[in-house]
Amino acid sequence: MARALPRPRSPLSAVRRWYEEEMGWPTTGTEPVELLVGPRFDVLEMPADAGRAVLRRLPHTGPVALLRAGRDGNRLIDRPKLLMLIAAGGAEELPEILEWLEWGALTPDLGARGAGERMPAPAVPPFPPCPSAAGALSSHGFGAREAAGWLRPPRPGRAAENSLPATGFGAGIGGDGGGAPDLIRLVSAAATECHRARLLRARNAQSDRADGDQPLAFSNASRMSAGTRPRSLTL
């Protein structure tokens with residue numbers, strides 16, 4: 001009698017298994033694999049051009065993924081985005097932090113994903129990671145199925161979320177690879193760079209116009225001269 005051989009595991013199941021067994025992060029049963037946001041971490045989301053500027057300013061942020069343009073679940077992403085992992089519950093704090101930093105509605109490109117939401121599972125990073133992984137700005141690559149790739153990959157282990165940016169006593173110390181910033185400083189940098197990137201995109205779009213709207217009307221310089229300097233610029 002012929003012996004039935006087990007079916008080989010697909011790359012899809014390998015990705016799901018790595019996140020669930022190595023990282024302890026819950027995933028969906030969908031294809032491609034998605035990570036459930038909320039139980040172990042939340043996500044700070046911003047355009048890739050602004051996000052890369054944040055990474056240059058902050059060499060240690062916790063895990064960061066690059067989401068390429070295309071379909072993200074039921075949403076269509078028109079430009080690449082950076083997804084920065086933050087401590088669970090941070091998404092609920094974002095609106096109040098922006099108000100306290102006096103950014104208000106000036107940063108529509110800065111958002112967050114919290115409990116009940118999901119993010120594409122990035123391709124499994126190579127291990128051991130390269131020595132400069134904490135400050136790297138180049139993606140570790142996209143898989144054939146994955147919509148995202150790690151820029152700063154997480155370290156395997158179920159305590160990885162202990163190093164994520166958070167608010168409160170002890171935030172910003174003991175992070176992965178030298179200490180992630182506290183959430184307020186991360187949001188401050190992200191809001192500043194999102195605002196700057198948005199102004200640059202507007203200026204480039206209007207560079208062929210001699211006259212017209214003033215894209216820099218709400219620049220940091222004009223806000224300071226008007227006495228509305230964002231609190232974030234003092235951090």
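The exercises below work through a predicted model, each with a solution in steps.

**Exercise 1. The sheet**

Task: Find the order of the 5 strands in the open sheet, and name the edge strands.

Solution:
- Step 1. Read the order across the sheet: β7-β2-β6-β3-β9.
- Step 2. Check the sense of the pairing. It is antiparallel.
- Step 3. Look for strands that pair on one side only. These are β7 (111-113) and β9 (148-152), the edge strands.
- Step 4. Compare directions. Neighbouring strands of this sheet are turned by 30 degrees against each other on average, with direction ignored.

**Exercise 2. Counting bridges**

Task: How many bridges join β2 to β7, β2 to β6, and β3 to β6? Give one residue pair for each.

Solution:
- Step 1. Take β2 (residues 42-47) and β7. They pair over 3 bridges, in the antiparallel sense. E45 has G111 of β7 as its bridge partner.
- Step 2. Move to β2 and β6. This antiparallel pairing has 6 bridges. V43 finds its bridge partner in L85 of β6.
- Step 3. Finish with β3 and β6. They run antiparallel and are joined by 4 bridges. Here V64 is partnered by M84 of β6.

**Exercise 3. A strand inside**

Task: Is β6 largely enclosed or open, and why?

Solution:
- Step 1. Count the buried residues of β6. There are 5 of 6.
- Step 2. Apply the cut-off: buried means under 20% relative accessible area.
- Step 3. Conclude. Because 5 of its 6 residues are buried, β6 is largely enclosed by the rest of the structure.
- Step 4. Look at one residue, L82. Leaving aside neighbours within four places in sequence, its contacts include L44, M46, L55, V64, L66 and L151.

**Exercise 4. Helices on the sheet**

Task: Which strands do α3 and α4 meet, and at what angles do these helices run?

Solution:
- Step 1. Start with α3 (residues 90-100). This helix lies across β2, β6 (81-86) and β7. It runs at about 160 degrees to β7.
- Step 2. Now take α4 (residues 183-205). This helix packs on the sheet and touches β2 and β6. Its direction makes about 25 degrees with that of β2.

**Exercise 5. The nonpolar cores**

Task: Describe the largest nonpolar core, and say which element gives the most to it.

Solution:
- Step 1. Count its residues: 27.
- Step 2. Pick out those with the most contacts inside it. They are L44, M46, L82, M84, L110 and V187.
- Step 3. List the elements that give two or more residues: β2, α2 (48-57), β3 (64-67), β6, α3 and α4.
- Step 4. Name the main contributor. α4 gives the most, with 8 residues.
- Step 5. Look elsewhere. Apart from this core lies another, of 23 residues, with V15, W18, M119 and A148 among them.

**Exercise 6. Aromatic rings**

Task: Why does the pair of Y19 and W25 count as it does: stacked, tilted or edge-to-face?

Solution:
- Step 1. Count the aromatic pairs in the structure. There are 3.
- Step 2. Check the distance. The ring centres of Y19 and W25 are 6.1 Å apart. The limit for a pair is within 6.5 Å.
- Step 3. Check the planes. They stand at 15 degrees, so the pair is stacked. The cut-off for stacked is under 30 degrees.
- Step 4. Add the surroundings. Y19 and W25 are both buried. They join W18 and F41 in one aromatic cluster.

**Exercise 7. Salt bridges**

Task: Which residues are linked with E45 in a network of salt bridges, and which strands do they tie together?

Solution:
- Step 1. Count the salt bridges in the structure: 8.
- Step 2. Take K81 and E45. Their side chains meet at 3.2 Å, N to O. K81 lies in β6 and E45 in β2, so this pair ties together parts 36 residues apart in sequence.
- Step 3. Take R113 and E45. Their closest N and O atoms are 2.8 Å apart. R113 lies in β7 and E45 in β2, so this pair ties together parts 68 residues apart in sequence.
- Step 4. Join the pairs. E45, K81 and R113 form a network of salt bridges.
- Step 5. Check burial. R113 and E45 are both buried. E45 has a relative accessible area of 6%.

**Exercise 8. A link between distant parts**

Task: Where do E34 and R118 lie, and is each buried or partly exposed?

Solution:
- Step 1. Find the salt bridge. The closest N and O atoms of E34 and R118 are 3.1 Å apart.
- Step 2. Place the residues. E34 is in β1 (residues 34-36) and R118 in β8 (residues 118-120). The pair links distant parts of the chain, 84 residues apart.
- Step 3. Judge E34. Its relative accessible area is 10%, so E34 is buried.
- Step 4. Judge R118. At 39% relative accessibility, R118 counts as partly exposed.

How values were computed. Residues numbered from 1 in each chain as written. Predicted model: local features only at pLDDT ≥ 70, side-chain atom pairs only at ≥ 80, totals over all residues. Heavy atoms only, no water. Pairing = 2+ DSSP bridges. Axes fitted to C-alpha atoms, helices over the stretch in contact; angles between N-to-C directions. Contact = heavy atoms within 4.5 Å. Core = buried A, V, L, I, M, F, W, Y, C linked by side-chain atoms within 4.5 Å. Buried < 20%, exposed > 50% of the residue type's maximum accessible area, 1.4 Å probe, protein only. Phe/Tyr/Trp six-rings, centres within 6.5 Å; stacked < 30°, edge-to-face > 60°. Salt bridge = Lys/Arg side-chain N within 4 Å of Asp/Glu carboxyl O.
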